[in-house]
Amino acid sequence: MSAFTGTGRLARLALRRDRIRLAVWVLGTPLIGYGLAESVAGLYPDEQTRLGYAETALSSVVARAFNGPIASADLGAVVVAETYLTLTLLAALLSTFAVVRHTRQNEETGRAELLGATVVGRYALLTAALVVVVGANLASAALLALAFVGAGLPVVGAVAAAAAIGGVGVAFTGLAAVTAQLSVSSRGANALAAATVGVAFLLRAAGDVLGERGSDGTRLDSAWPTWLSPLGWGTQVRAFGAERWWVLALPVALLVAGVALAYLLTERRDVGAGLLAARRGPARAGSGLLGPVGLTWRLQRGALAGWAVAVVVLGLSMGVAGHEVDAMIAENPAAADVIAQLGGGAELVDAYLAAILGLYALTIGAYVVQALLRTRNDESDGILEALLATAVSRTRWLGTQVCGAVLGAALLVLLAGLTTGLGYGLAAGDAVGWTVELGGAALLRLPALLVLVGVVTALFGAVPRWSVALSWAVLIAFLLLGQLGAVLELPQAALNLSPFTHVPSVPAADLRVLPLVVLTAVAAVLLAVGVGAFRRRDTPV
């Protein structure tokens, strides 16, 4: 029997299990790319505005750190600079999570051991996961190229940009194959993979910040740290400039190296074990773990700490960038108009800060969905049955999960507001005043997050089998409506479907209490529906 026997059947099984997730990934990424390309094309419609953008992108440290180098002043290069970070982070994280789900998670739940008892080769499970994830990246990249062409961008540059983004996903597929061999749990493997994404971003940002202008003065030559990062390789393709196709060989080489190392590590460990030994816990559990509150905190604290660090770094960076807003778009009234639409105010800096706080809230929505969907994982893995066999009631257990997600979201939005205010205040000369003001403004986004909590809870209670896919789909819909709806001039009725549309855009607009009360009431109704449905249905389902 070959070490790859059964790979094809396991790949079909993975496609069957992830048919909804993969469809959202493969189709959603090109749609996001198309929407972003259309919005950027509207912001920079002529050569003068694009030249101004290119000059700012080359001279601003903040722009270089977040957007990377710009290949030229063409529209396509501007689109890539504005969309690259979003699309590559999506590709990297979706790729790593998918590989871990079909490798380490299968071992953690015992599925791999059952499959191994059949006619299945040693490498079949890992190879099937890699085939599916690499195929998803290639399909997404092909559709993304078509989306860029549909947005009016040149074909050659569109193909180069899409290939660069797909290459990032392929590179992190290889890295995730290795992290899945190291950790004994899927959570640990995902954490290691996410850490590699963070390190890659920091290396790419450092290389671009330390880079120097080329001899012609119109291009940024990145420093050496960029070449150590898969995220940096994508920018070095220089789509819509002087394309360097050979750079695309680097992510392929990393994939091959990662897969070879993963195969080698697979031979050196037992099924279900990891190369990194699990840390021994105390001989006796703390008293806090005797109740659902302590258990929830124990399970959520690692993810919450990671999110908190990311929010603090992003908040400080975007706050400092706020001091450059006037200079960055002083000669681009279209960009100023879009910021005003997103931020809901006429004062440019206030509108920018309001828009950033709204984006934070939507991003933290991913934490809310992640935290609450642990309930579904506990149910499907059999943990819930064991808990309900004790003195813990269904209502108490689910209520604890909801409260944990709400408190975590409140902490994160407060941190986002405080750090953004601190960053902007330090640049503007009023650190205390702006920190307090934006901290309070950020908390006003919490009722919208409560609605999201209610939606996920209702889906878990009423349609548990579909709750994972539908919860993420709802968040993506809110993201598209909240960030692209105004730019794409969607009807107000469509924008109103997102709870984030109804949050007062403080500090750009005056505070209105009624929308916050209504959002809280809607969240309460959804929570009641979810808890009621959960109490009446069977577990597990």
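What separates Arg104 and Glu107 in helix α6? Being three residues apart in that helix, which covers residues 104–109, Arg104 and Glu107 are separated by about one helical turn. Their side chains meet in a salt bridge, at 3.6 Å from N to O. Arg104 is buried, and Glu107 is buried too.

The model described here is predicted. The mean pLDDT of the chain is 86, and 92% of its residues reach 70 or more. Confidence varies along the chain: among its elements, helix α21 (residues 446–462) has the highest mean pLDDT, 96. The lowest mean, 60, belongs to helix α15 (residues 333–343).

## Salt bridges

Side chains of opposite charge can pair when their charged atoms come close. The count for this structure comes to eight salt bridges. Three of the pairs are listed below.

| Pair | N to O distance |
|---|---|
| Asp18 and Arg21 | 3.3 Å |
| Arg104 and Glu107 | 3.6 Å |
| Arg537 and Glu379 | 2.7 Å |

The pair of Arg537 and Glu379 joins distant stretches of sequence. Arg537 lies in the segment after α24 and Glu379 in helix α17 (residues 374–380), so the salt bridge ties together parts that are 158 residues apart in sequence. Arg537 counts as buried because its relative accessibility is 11%, under the 20% limit. Glu379, at 2% relative accessibility, also counts as buried.

Salt bridges with shared partners join Asp18, Arg21 and Arg101 into one network. Within the network, Asp18 is buried, with a relative accessible area of 1%. Arg21 has a relative accessible area of 37% and is partly exposed.

## Nonpolar cores

The largest nonpolar core has 57 residues. The residues with the most contacts inside this core are Leu353, Val368, Leu372, Leu412, Leu449, Leu452 and Phe500. Several helices each supply two or more residues to the core, among them α4 (61–67), α13 (292–322), α19 (394–428) and α22 (467–484). Helix α16 (348–372) is also one of these elements, and α16 gives the most to the core, with 15 residues.

What does Leu353 contact, leaving aside its neighbours within four places in sequence? The residues in contact with Leu353 are Thr420, Tyr424, Trp434, Leu438 and Pro507.

A second, separate core has 42 residues, including Phe148, Ala161, Ile165 and Ala200. Phe148 is also touched by Val79, a residue of helix α5 (residues 75–101). Val79 touches Ala37, Val40 and Leu153 as well, when residues up to four places away in sequence are not counted. Is Val79 buried or exposed? With a relative accessibility of 0%, Val79 counts as buried. Val79 and Ala366 are 287 residues apart along the chain, and their C-alpha atoms are separated by 25 Å.

## A nonpolar patch on the surface

Nonpolar side chains also occur at the surface. Leu511, Val513, Leu514, Val517, Val518 and Val522 make a nonpolar surface patch of about 540 Å². One of these residues, Val522, lies in helix α24 (residues 513–536). Val522 has a relative accessibility of 38%, so this residue counts as partly exposed. Helix α24 also gives two or more residues to the largest nonpolar core.

## Backbone details

Which residues are joined by cis peptide bonds? One such bond joins Val506 and Pro507, with omega at about 15°. Pro507, a contact of Leu353, is found in the loop between α23 (492–495) and α24. Another cis peptide bond joins Thr539 and Pro540, with omega at about -10°. Pro540 is found in the segment after α24, where Arg537 also lies.

Positive phi values occur in the loop between α11 (230–236) and α12 (249–267), which holds Arg238 and Phe240. Phi of Arg238 is near 60°, a positive value in a residue other than glycine. Phi of Phe240, likewise not a glycine, is near 65°. Arg238 is buried, with a relative accessible area of 14%. Phe240 is buried as well, and its relative accessible area is 7%.

Conventions:
Residues numbered from 1 in each chain as written. Predicted model: local features only at pLDDT ≥ 70, side-chain atom pairs only at ≥ 80, totals over all residues. Heavy atoms only, no water. pLDDT = per-residue confidence, 0-100. Helix = DSSP H or I, 4+ residues; strand = E, 2+ residues; numbered from the N terminus. Buried < 20%, exposed > 50% of the residue type's maximum accessible area, 1.4 Å probe, protein only. Contact = heavy atoms within 4.5 Å. Patch = residues over 30% accessible without salt bridge, like charges linked within 9 Å, V, L, I, M, F, W, Y side chains within 5 Å. Areas by Shrake-Rupley, 256 points an atom, 1.4 Å probe, with all protein chains shown as cover. Salt bridge = Lys/Arg side-chain N within 4 Å of Asp/Glu carboxyl O. Core = buried A, V, L, I, M, F, W, Y, C linked by side-chain atoms within 4.5 Å.
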